[in-house]
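Biologist: Could you show me the complex so that we can go through it together?

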Amino acid sequence: MNRVLQLILMAIITATPAIAMAKTPDEPSSFSARRGENLWHMQFTVSGQQRSCASCHTADPRQAGKHVRTGKAIQAMAPSVNPDRFTDQSKINKWFKRNCKWTMGRVCTYQEKGDVLEYLKSL
Amino acid sequence: MKTLIFSTAALTLVGILGFGIQGAWSDSDHMKRLSTGVAPVTNPLYQEECGSCHLAYSPGLLPAASWQGIMSGLDDHFGDNAELDSDVLQQLSNYLASNSAEMSAYRRSQAIMGSLRNSRTPPLRITELPYFVHEHREIPKRIIELPEVGSLSQCNACHRYAEQGSFSEEDIWIKGIGHWDD
């Protein structure tokens, strides 16, 4: 019996650091609004075209934007003027995936997404 | 008392007639759309997923094969990334397949199918359908290049009721120009 208990305890102790490391880092201090702002204005060349977040969302995320190809209106991204923003997780993931690929030609890193969100929330 | 009964009866009659006329109007509206339009979009998921970036084009504007081609290449959707989660992709593909042009009783959908009789592979773009090209052949370039229009893919820049599925010539109203008749 003691042997079984010992084994279980051993297993728990060994697994603990792994669980702690798998935890998503969530300290808000690890994101920076300033870095997010830089990224917002950064120009990328994709398919021979200069692209940035501002291409569709304008240089000021508090303003309504316009789809660069279709001209369809896009509501402001800053939650201070559009409180519906960033209230639906699947929407956030969907748009980051699509728009990072279009703008930068790749998916965004965890850091980049956090920085941009931090910037938009700071406005 | 007699007057009261009489006026109540008269009011009721007016009411019934009025209702009748209204009913007839919406009926003829529906008939008109059947004969001049395409089925309007009724799927909220489609409206949300596709209508965020552009007009949610009626499924009746393209044959199923074109929709299938579009849905299998959403990572490069005419130059844009429009990727969807697999369950949403499946739901929308089903909606498009069961409401595509060949499934529709609306006249424009049937005309679109008729114009594709001799093509082996239908185009992916609505603007490349033979019927579409024919219908828009007299639009001068200067109209298409107006900042309010921009391209022929912007149905609602000229067809005021495109979102309702109506493409009737009398409803054409070009932003910045007004009624258009060719």
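Modeller: The following exchange covers the cysteines, the fold of one chain, the interface and a few individual residues. Please note that this is a predicted model.

Biologist: How many disulfides are there over all chains?

Modeller: The count comes to 1 disulfide. Cys100(A) and Cys108(A) form this link, with their sulfur atoms 2.0 Å apart.

Biologist: What is the handedness of the link between Cys100(A) and Cys108(A)?

Modeller: The link is left-handed, with -95° about the S-S bond.

Biologist: Are Cys100(A) and Cys108(A) buried or exposed?

Modeller: Cys100(A) has a relative accessible area of 6% and is buried. Cys108(A) is buried too, with a value of 11%.

Biologist: And Cys56(A): which cysteine sulfur is nearest to it?

Modeller: That of Cys53(B), 8.1 Å away; Cys56(A) is in no disulfide. A pair of sulfur atoms has to lie within 2.5 Å to count as a disulfide, so Cys56(A), at 8.1 Å from the nearest one, does not qualify. Cys56(A) has 13% relative accessibility and therefore counts as buried, the limit being under 20%.

Biologist: Why is Cys50(B) not bonded to Cys53(B)?

Modeller: Because the distance is too great: the sulfur of Cys50(B) is 9.0 Å from that of Cys53(B), which is the closest cysteine sulfur. Cys50(B) also counts as buried, at 16% relative accessibility.

Biologist: Let us turn to the fold. How many helices and strands does chain A have?

Modeller: Chain A has 5 helices and 4 strands. From the N terminus on, their order is α-α-β-β-α-β-β-α-α.

Biologist: How many of the residues of chain A count as buried?

Modeller: Of its 123 residues, 28% count as buried. The accessible surface of chain A is about 8300 Å², and carbon and sulfur atoms account for 59% of it. As to contacts between residues at least 6 apart in sequence, 46% of those in chain A join residues at least 24 apart.

Biologist: Now the interface. How many residues does the contact take from chain A and from chain B?

Modeller: Chain A gives 13 residues and chain B gives 15. About 1300 Å² is buried between the two chains, with 39% of that area from carbon and sulfur atoms. Cys53(B), Asn81(B) and Glu83(B) supply 37% of the area that chain B buries against chain A, more than any other three residues.

Biologist: What about salt bridges between chain B and chain A?

Modeller: The count is 5 salt bridges. Glu83(B) takes part in a salt bridge with Lys97(A), at 3.8 Å from N to O. In addition, 10 residue pairs across the interface are in polar contact.

Biologist: Back to chain A. Where does Asp115(A) lie, and is Asp115(A) buried or exposed?

Modeller: Asp115(A) lies in helix H5, residues 110-122. Asp115(A) is buried, with a relative accessible area of 4%. Beyond its neighbours within four places in sequence, the residues in contact with Asp115(A) are Ser30(A), Phe31(A), Ser32(A), Ala33(A), Arg35(A) and Gly36(A).

Biologist: One last topic: which phi values do Ser47(A) and Thr58(A) have?

Modeller: Phi of Ser47(A) is near 50°, a positive value in a residue other than glycine. Ser47(A) is in the loop between strand E1 (44-46) and strand E2 (49-51), and counts as exposed at 70% relative accessibility. Phi of Thr58(A), also positive, is near 70°. Thr58(A) lies in the loop between helix H3 (54-57) and strand E3 (65-66), and counts as partly exposed at 27%.

How values were computed
Residues are numbered from 1 along each chain as its sequence is written. Chains are lettered from A and ligands numbered from 1 in the order in which they are written. This is a predicted model: local features need pLDDT of at least 70, side-chain atom pairs count only at pLDDT 80 or more; totals for chains, interfaces and linings use all residues. Side-chain values use heavy atoms; hydrogens and water are left out. Buried means under 20% relative accessible area, exposed over 50%, partly exposed in between (1.4 Å probe, protein chains only). Helices (H or I, at least four residues) and strands (E, at least two) are DSSP runs, numbered from the N terminus. Contact means heavy atoms within 4.5 Å. Accessible areas come from the Shrake-Rupley method with a 1.4 Å probe; for residues, only the protein chains shown count as cover. Buried area is the accessible area (1.4 Å probe) that two parts lose on being put together, summed over both. A salt bridge is a side-chain nitrogen of Lys or Arg within 4 Å of a carboxyl oxygen of Asp or Glu. A polar contact is a pair of N or O atoms within 3.5 Å; within protein, one must be able to donate a hydrogen and the other to accept it, and residues adjacent in sequence count only if both atoms are side-chain atoms.
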